[in-house]
Every structure is written in structure tokens, then in C-alpha cells.
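The report below treats cysteines, overall shape, surface and charge in turn. It is written to be read with the sequence and the coordinates at hand.

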Amino acid sequence: AKARSETRRHQQLYRQAEAEAQKCKVLERKIHDLKHAKVTLLKKQREDAAKHREYTNQKTKEIHALKRREKKADQKISKMEMECQKYKANLERSRTQCDKLSDKLKQT
């Protein structure tokens, strides 16, 4: 009887050990899967960060290019406005001279 109960106890311990070993294998597999998922996630994060950096750099370049174009356009506008003022001044001088000549012609 004692030997039988001892055998049962050993069998029960053996089954428990097998169950523990099975649980251990499951947990090891989960750990492996989690590590793999972590590596994949880190790689994706690095790729996303690189894409975001590239996008930001591209948009910054576009903004600088637009600002340069805007500055050139403003300079061109200023130059044309100065030319226009110059032509208006010349036109006014010419009109004044024409008016004086017309007055002289009327007087003679």
C-alpha cells in the first residue's frame, strides 16, 4: 500500500512536472513571439521616423523655395513700381513743357 501510494505520488509529480514543462514551453514561445514583435515594431518605428524626417526636409525645402520666389517677385514689383514712378515723373515734366510751349504759341 505504501509503495502504491508512493508510486501514485511519483506519477502525480511526474504529470505536474510535464504540465509545468508544457507551460514553460508555451511561455518561452510567447517570449520569443514578443521579442520578434518588438524587433519588428522597432524597425517600423525607425522606418516611420526616417520617412517623417524626409517628408519634413522636403517640405522645408519647398517652403524655402517658395520664400525665395516670393522675395524675387516682391523685388520685381518694387522695381516696376519705381520705373512706373519715373515714367510718370517724365510724363508730367513733358506735359508741363508742352503746356508752356502751347502757352507761348498762343501768345504769339
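## Cysteines and overall shape

Cysteine 24 is partly exposed, with a relative accessible area of 38%, where partly exposed lies between buried (under 20%) and exposed (over 50%), for a 1.4 Å probe and protein chains only. This is a predicted model, in which local features need pLDDT of at least 70 and side-chain atom pairs count only at pLDDT 80 or more, whereas totals for chains, interfaces and linings use all residues. Residues are numbered from 1 along each chain as its sequence is written, and side-chain values use heavy atoms, with hydrogens and water left out.

| Residue | Relative accessible area |
|---|---|
| Cysteine 24 | 38% |
| Cysteine 98 | 46% |

The closest cysteine sulfur to that of cysteine 98 belongs to cysteine 84 and is 19 Å away, too far for a bond. With a disulfide taken as a pair of cysteine sulfur atoms within 2.5 Å, the count comes to zero.

The secondary structure comprises one helix and zero strands, both being DSSP runs (helices H or I, at least four residues; strands E, at least two). The radius of gyration is 46 Å, well over the 13 Å that the globule rule gives for 108 residues, so the protein is more spread out than a compact globule; the radius is taken over C-alpha atoms, and the rule is 2.2 Å times the number of residues to the power 0.38. Along the principal axes, the C-alpha atoms fill a box of roughly 155 × 15 × 10 Å.

Of the 108 residues, 0% count as buried.
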